[in-house]
Structures are given as structure tokens and as C-alpha cells.
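Student: Hi! I've just opened this one and I'd like to walk through it with you. Can we take it piece by piece?

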Amino acid sequence: MKQLLKYELFKLWKQGKTWYAIGAVLLIEIIILISAYFQGATILELLLDNLRQSFYFEGNLLNGNLLLYLVLNSLWFNVPLIIMIITSSIITEDYKNGTLQTTLLQAVKKWHLILAKYLAALIFTFFVIVVMMVSTFGMAYTIFGNGDLVVYLNTLNFFEADEAFKRICFAFASGTFSMLFFTTVSITLGILLKEPAKTWIASAFFLIICSLLLKVDFGLGNYDQLLFPKLINTWQQFFEYELNWVKIGVDNLMLLLYTFLFGAVGCYVFNKKDIG
Amino acid sequence: MIKYLIIILISSFSAFAQEVDQDLLFIKSRMDSIASFSAQLKLDLDVPFIKMPTKTAKMMYEKGSDITFSSEDFVMLPKRGLDFSLNEIFKYPFITVQRGTEILNGINVKVLNIIPDDSKSSLALATLYLDIKNKRIIASNIITKKDGSFDLQMKYKTSKDILPQNVVVSFAMEKLKIPFNFMGKDTEIDRKKLKESDSKTGKIIMVINNYKIFKIK
């Protein structure tokens, strides 16, 4: 099992796609930073415009923490899309090249192999988020410096620099759960669809559907919030002024359960299905 | 007949031409005796659509200049309500109209209306509540030409203090207009709530401590 995991990670490390994906994530960050550099002041100007009648402002809000928050927003669509394309190829490329059959001709248990693939994909996703986090923190604080964070979530919430840093770290951690969920879904879709192109389309479609259903009221009352499309933005709760730790904990736990559920379905289907 | 008419006219003119209230002038002279001061400021914002932790800043004043602030954090400071020297009121000629006395927060106060006599003044009308016993202002209502109106409530640490320790500035605010590209994806736009929040009353609660006052010798 350990050997299989090492083998899958080695494959990921060696394939060019992996580095293109990391490069794409870094490029997204750079684009956000550049656009924030040119447009950030104007956005803040608009945001605080009607407060200027009553207040003077002392201090700078266009700082590293605001930039980190903007980068975190890219977790909505861009980053999971890139991650899903790469991680789904862990299984679909094997189907396409026939290497799955070759591997299973060895003394390898089917469920060990698929578990190794899931784990490799999850490790890769975690690695991408860590790279994204370290690089964004580095660039944002170096270029824009530290300062208070302002976020609009139904109310205009201000956080002091230390508090903002803490919340951004928590949000990255919670965002990682969402990314791990999408990764698991992409592998499961790969198992079901086998073909890379079909899986990419299905992954993108799944992402779009989740994004669309985020605001739909299913009429289930409190249970509405327990459906997985509603849980992918749990990280955003760290920017509510008053933190509801119970809700954050339950939402993250539910997302983890969905991740296991999709993974279990994938493992079951893979074990039952004929490899050919 | 003409003689009587002239007497009536003269007496009515003198009724309109009011002098500046002596108590107000005395308070102004007390304020004028301050050459400069610095103090530590603790700010709390009570605005329905803004959530901000308590902020601290240092305020500095030098005679003839506006009050300046410095802070390591981002702070929102009230545009109005920190004019302890009454410079804004005394900048241009004005008349005062006495509105009698009343009891405000258990203190016997003289109520004065300040009406600017110069079109350049940013003030439209001010109502001051003077604590005659301790010779200081404890409340005011200021109506400006451009910046709306606001109320001030001031509390002092001791009966001798010229500068307040607690200041509450209340003001009307327009609804918040948020650019859409700044909204989080899960931000709900409650139109009813937005309409209701057309104009809200905001409050800034300030606690001013560690005054270092330098008086004119």
C-alpha cells in the first residue's frame, strides 16, 4: 500500500501537468495581486464613499490581508477546477493508457490501488493549497504590507491585523476541506466515466452546479445547510464578525463525511467494476 | 406721528441685534487658554451596518490648527464633534438666541441657539447646552450646510475639567452602497433591509484619557 502511494506520488511529480497546474495557481495569484494593485484603491474608495460624509479615515486598508482575502475568493472556482482536472487524470490516464490492467496483473489488491490513488490526489491537493498559501502570504505581505482587513458580508466587518491573520489561516484550513472534497469527487467521476475529457467536463459541470446551488433554497429548513453545495463555502464563515464555532465545526465535519461518502462510492464501484 | 414711528423702528431693530451670550464667551475664553493638548482616544463605533473592534488613537491639538490623529490601526474618526475649541462656531460672525434653561442629565443648563451671520460659515444652526455652574458645554446639536446634522453629549471627569472625558457623537448616515465586485459569493442582498436602512443613526463613543494640556502663560 505504502509502495503504491509512493508510486502514485512519483507519477504525479514526474508528469508535466502537475507543474502546469501549480504554475496556473501561482499565475492566478499574480493576476489577482496585479489587479488589486491597480483597482484595489478604487474599490475601497467606492466601498467607503458614503462613510466619508461622517468620518475621516486613518490607516491603509489596501494591504496584504485584503489581498489574501481576495485570493481566498479564487477558491470558489478557479483552484478547484485546476485541481479536479489534474487529480482526475490519476485514474483516467491509467484507464486510457491501459496501465491499470498492467498494474493489476501484479500482486496488487484493487482496493489498495484505488485507495493509494485517492490518497495521492489528496496529498497533491494539500500540497497545492500549502504552495498557494505560502506564496500568497509572502507576496501579499511583501508588496502590500500588513494592516486591518475589511470584508463585506451583509455588514461591513473590520478586523485588526492580528485577528485578520488568524482568520485567514483558519479560512485556508477550512478551504482545504472543500478542495479535498472536490478532489475526491473528481477521482470518483474518473472511476465512473473512465475517459479524461468526459471526466473534465463532468468535473467542471459538478463545480458549476455546486456554485449555482449554493444560493438555492431547497425548503428543508435547517437541513438545507447540510447539503454539500451549501458546505463548500464554509471558509467564508471565518469572516463573519461573530464566529459561530459550532456551525463551522458541524459544516466542516459534514463536508468531511461527504468526502468519505464520495470516496467510498468510488472505491466500491472500482472494486465491483471490470477493469477492461 | 413720524417721531413715534422712528422710536418703534429703532426699538424693533435693537430687539433683533442680539449680542453674543456672555457665558458662551467665557467658555470660549477658557478654551482659548489652551495652547495645545494631547490625549489618548478610545473609539467605539455603534453603526448598524459596521462592525469594528474598539480602536485606539492619539489625538493632538495646537492652537490655530485642526486636531490631528495618529494610530497604528485603521481608525474611523468623526468628521464633526471634536472641535472642542469651538473654532468652527467662532470662525465667522454669529448671533446667539437664548432659549431659556432646562435640566439635562440632572444638570441645570442654559440653552442657546447659534445662528451664523456669514454665508461662508459651514454651520446652519447650532444649539448649545451650557453648564453655567462649571462653565462648559455638556451637549450640542449642530446642523451643518453640507455634512448633515449631529448631536454631541459630553461628560467630564471632574468639575474643573475644560476638556471632556466621554464624548458621544450621534449622526444620521445614508445607506451603504456596496460595489458588487466586493461582495462575497454567499452575501445575500436583502432589499427590504437595504430600503429600511435608507438613513440610520450612527454613534461614535469616545473615551479620552491621559490629557496633557499646555496653557497659554
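Student: Let's start in chain B. Which residue stands opposite B:Ile114 in β8(B)?

Tutor: That's B:Ala126. Before we go on, keep in mind that this is a predicted model. The pair belongs to β7(B) and β8(B), where β8(B) covers residues 123-131, and these two strands run antiparallel with six bridges.

Student: And how many residues sit between β7(B) and β8(B) in their hairpin?

Tutor: Six residues lie between them. β7(B) also pairs with β6(B), again in the antiparallel sense, this time over nine bridges. In that pairing, β6(B) spans residues 94-104 and β7(B) spans 107-116.

Student: What's the turn like between β6(B) and β7(B)?

Tutor: It's a hairpin with two residues in between, and B:Asn105 in the turn has a positive phi of about 50°. If you'd like a landmark on these strands, look for B:Phe94, which stands opposite B:Pro116 in β7(B).

Student: OK, new topic. What's in the sheet that has strands from chain A, β2(A)-β3(A)-β2(B)?

Tutor: That one is an open sheet of three strands in the order you gave, with mixed pairing. β2(A), residues 149-153, and β2(B), residues 50-51, are the edge strands with a single partner each, so each has one side without a neighbour in the sheet.

Student: How does β3(A) join β2(B), parallel or antiparallel?

Tutor: Parallel, through two bridges, with β3(A) being residues 155-159. There, A:Leu156 stands opposite B:Ile50.

Student: Now helices. How far does α6(A) reach from its first C-alpha to its last?

Tutor: It reaches 50 Å, close to the 51 Å expected for its 35 residues, 110-144. Right after α6(A) comes A:Gly145, with a positive phi near 75°.

Student: Last topic, the core. Which residues touch the most other members of the largest nonpolar core?

Tutor: A:Ile83, B:Leu128 and B:Leu130, out of 98 residues in that core. Helix α7(A), residues 161-193, gives the most to this core, with 13 residues.

Student: What does B:Leu128 touch, leaving out residues up to four places away in sequence?

Tutor: B:Leu24, B:Leu112, B:Ile114, B:Ile137 and B:Ser140. You've met B:Ile114 already, opposite B:Ala126.

Student: Why would nonpolar side chains be together like that?

Tutor: In soluble globular proteins, nonpolar side chains tend to be buried together.

Student: And how much of chain B is buried?

Tutor: Buried residues make up 24% of its 217 residues. Chain B as a whole has four helices and 12 strands.

Definitions and conventions: Residues are numbered from 1 along each chain as its sequence is written. Chains are lettered from A and ligands numbered from 1 in the order in which they are written. This is a predicted model: local features need pLDDT of at least 70, side-chain atom pairs count only at pLDDT 80 or more; totals for chains, interfaces and linings use all residues. Two strands pair if DSSP finds at least two bridges between them. The expected span of a helix is 1.5 Å times one less than its number of residues. A residue is buried if 20 or more other C-beta atoms lie within 10 Å of its own, exposed if 12 or fewer, and partly exposed in between; C-beta atoms are placed from the backbone. A nonpolar core is a set of buried Ala, Val, Leu, Ile, Met, Phe, Trp, Tyr and Cys residues joined through C-beta atoms within 7 Å. Two residues are in contact if their C-beta atoms, placed from the backbone, lie within 7 Å.
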